[in-house]
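Student: Could we take a close look at a single part of this model together? I would like one connected explanation.

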Amino acid sequence: MNQNADYYAYLVRTEDVSHDAQLIMSLMLLKVICSRFADAQQPLTALELARTTDIPIRITSDLLYRLRSINLITEYLDSESDREAAYQPSQDIANITVGKLVELLDSHPDRHLDLELNPEKVLTKKMLATLGEHRKQFIEILGDYQLKDL
């Protein structure tokens, strides 16, 4: 990477990246973490994950924080080493699916806002039920894809 690209990569803010791009990048990070765990390889640090995936370090750090907050990964500190924190799955990788990732990321707020939404004021109950059913089917389909198998 050249100096200008490094500078730009540092300036990129996660909130400036689309939801879909954040989802894909989260999937990339989680895939690398799960694959290395499945292959009994040493977990990677945030910087190593950023370099492996070509995701800017600032975004990598933010996404790792979110993946930790939804309990899909955990920080690993080797007490016998001076290495910085590395990341590994926080649960059996057989249980980590694309559907679970999408559902947890979509339902976990970046920050807590206490909004009193009343969608029935504008949308019919039938429409809300239909949307809910389609979302449930979407998550179930994505649930068939385990991260370790991607």
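Student: Is Arg135 buried, exposed or partly exposed, and what is its relative accessible area?

Tutor: Happy to help! First, this is a predicted model, where local features need pLDDT of at least 70 and side-chain atom pairs count only at pLDDT 80 or more, while totals for chains, interfaces and linings use all residues. Residues are numbered from 1 along each chain as its sequence is written, and side-chain values use heavy atoms, with hydrogens and water left out.

Arg135 is partly exposed, at a relative accessible area of 36%; here buried means under 20%, exposed over 50%, and partly exposed in between, with a 1.4 Å probe and protein chains only. The side chain of Arg135 forms a salt bridge with that of Asp106, at 3.5 Å from N to O. This pair joins distant parts of the chain, as Arg135 sits in helix α6 and Asp106 in helix α5 (residues 98-107), 29 residues apart. Helices are DSSP runs (H or I, at least four residues), numbered from the N terminus. Asp106 is partly exposed too, with a value of 34%.

A salt bridge needs a side-chain nitrogen of Lys or Arg within 4 Å of a carboxyl oxygen of Asp or Glu, and the whole structure has 2 of them. Glu75 and Arg68 make a salt bridge through their side chains, at 3.6 Å from N to O. Glu75 is partly exposed at 37% relative accessibility, and Arg68 is partly exposed at 27%.

Back in helix α6, which spans residues 125-142, you will also find Met127. Met127 is partly exposed, with a relative accessible area of 40%.

Methods:
Helices (H or I, at least four residues) and strands (E, at least two) are DSSP runs, numbered from the N terminus.
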